[in-house]
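Notebook open, coffee poured. Here is what I looked up, entry by entry.

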Protein chains: 2
Amino acid sequence: MIRLLADPLRARIVELLAEGAACTCHLVEDTGATQPNVSNHLRALRQAGVVVPEPRGRYTFYRLRPEVLDGAARHLAALAERARASGDVRREC
Amino acid sequence: MIRLLADPLRARIVELLAEGAACTCHLVEDTGATQPNVSNHLRALRQAGVVVPEPRGRYTFYRLRPEVLDGAARHLAALAERARASGDVRREC
DNA sequence: GGATCACATCATGGTCGGCTGATATCAGCA
DNA sequence: TGCTGATATCAGCCGACCATGATGTGATCC
């Protein structure tokens, strides 16, 4: 999941989808990237379960799955929590 | 920040540091990676402000900065929140 | 049914980034 | 001061991944 957000274009797509479902043409227009490029990234996000496609006629709308984002967010928060808890621990050599 | 966690070895290093400060030799031993490799990743994390070095004699201990992790976690949580809020929005073509 | 549009897929090329080996630096110790 | 060990830095290689162009597929409209 985090690896997917590492790519700038993919991160941009996720941000756009956070404002609501959108079809590929929207994302192509908003990002300025080429259509196959966007489509490839959407495939990666789809295979990872980050987005779900909703075919509507000849348009395909994509919707973000908040649970996945929440999972990643909780993971990072847990890491921060553990780091705080072990604030003054220092392993010996 | 998220881009840094995209690398498996760097993610492992961050996880290890979440359990407490450790010197480079610890990280080298625990990850099984070579010393220059670990050192390079530590530099990247240091330049991004994710970790802070604490020189102790000839050892250099590294400590995680939880605020940075929390910032990333909050960013993802906010994204998930926005996605939930705009649950049934669908942009028109 | 043919044309067109939205989208997906594939193959290719170019580039960025991680890994390695060698070397430099610095602290502690005999 | 000379040596050893811990760490940092650098140059180069190589693999993975993103972007592009061409093409395929399915749906809509005439």
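**Entry 1: around the DNA strand**

I began with DNA strand C in this predicted model. I found 23 residues around DNA strand C, and A:Cys25, A:Ser39, A:Tyr62, B:Arg10 and B:His41 come nearest. I then asked which part of the strand faces the protein: sugar and phosphate make up 73% of the atoms of DNA strand C that come within 4 Å of the protein.

**Entry 2: phosphate contacts**

Next I looked up polar side-chain atoms beside the phosphate oxygens. For A:Tyr62, I noted a polar side-chain atom 2.3 Å from a phosphate oxygen of DNA strand C. For B:Arg10, an N or O atom of the side chain is 2.7 Å from a phosphate oxygen of the strand. For B:Asn37, the distance from a polar side-chain atom to a phosphate oxygen of DNA strand C is 2.9 Å.

**Entry 3: who supplies the surface**

Which elements build the surface near DNA strand C? From chain A, I listed helix H3 (24-31), helix H4 (35-47) and strand S3 (59-64), and from chain B, helix H2 (8-18) and helix H4 (35-47); each supplies at least two residues. H4(A) gives the most, with six residues. Sorting the surface by class, I got ten polar, seven nonpolar and six charged residues.

**Entry 4: the sheet of chain A**

I moved on to the strands. Chain A has an open sheet of three strands in the order S1-S3-S2, with antiparallel pairing. Strand S1 (22-23) and strand S2 (51-56) of chain A are at the edges; each has a single partner strand, so one side of each lacks a neighbour in the sheet. As a reminder to myself, strands of a sheet pair through backbone hydrogen bonds. S2(A) and S3(A) run antiparallel and are joined by six bridges. I looked up one partner in particular: A:Pro53 has A:Tyr62 in S3(A) as its bridge partner. Helix H2 (residues 8-18) of chain A packs on this sheet and touches S1, S2 and S3 of chain A. The direction of this helix makes about 90° with that of S3(A).

A:Tyr62 turns up twice in my notes, beside a phosphate oxygen of DNA strand C and as the bridge partner of A:Pro53.

**Entry 5: a proline in chain B**

Last, I checked B:Pro55, which sits in strand S2 (residues 51-56) of chain B. Is B:Pro55 buried or exposed? I read 60% relative accessibility, and because exposed means over 50%, B:Pro55 counts as exposed. I also paired B:Pro55 with B:Cys23: the two are 32 residues apart along the chain, and their C-alpha atoms are separated by 9.0 Å.

Key: Residues are numbered from 1 along each chain as its sequence is written. Chains are lettered from A and ligands numbered from 1 in the order in which they are written. This is a predicted model: local features need pLDDT of at least 70, side-chain atom pairs count only at pLDDT 80 or more; totals for chains, interfaces and linings use all residues. Side-chain values use heavy atoms; hydrogens and water are left out. A residue is near a molecule or strand if one of its heavy atoms lies within 4 Å of it. A polar contact is a pair of N or O atoms within 3.5 Å; within protein, one must be able to donate a hydrogen and the other to accept it, and residues adjacent in sequence count only if both atoms are side-chain atoms. Helices (H or I, at least four residues) and strands (E, at least two) are DSSP runs, numbered from the N terminus. Ala, Val, Leu, Ile, Met, Phe, Trp, Tyr, Cys and Pro count as nonpolar, Asp, Glu, Lys and Arg as charged, and the others, Gly among them, as polar. Buried means under 20% relative accessible area, exposed over 50%, partly exposed in between (1.4 Å probe, protein chains only). Two strands pair if DSSP finds at least two bridges between them. Contact means heavy atoms within 4.5 Å. Axes are lines fitted to C-alpha atoms, for helices over the stretch in contact, and angles run from 0 to 180 degrees between N-to-C directions.
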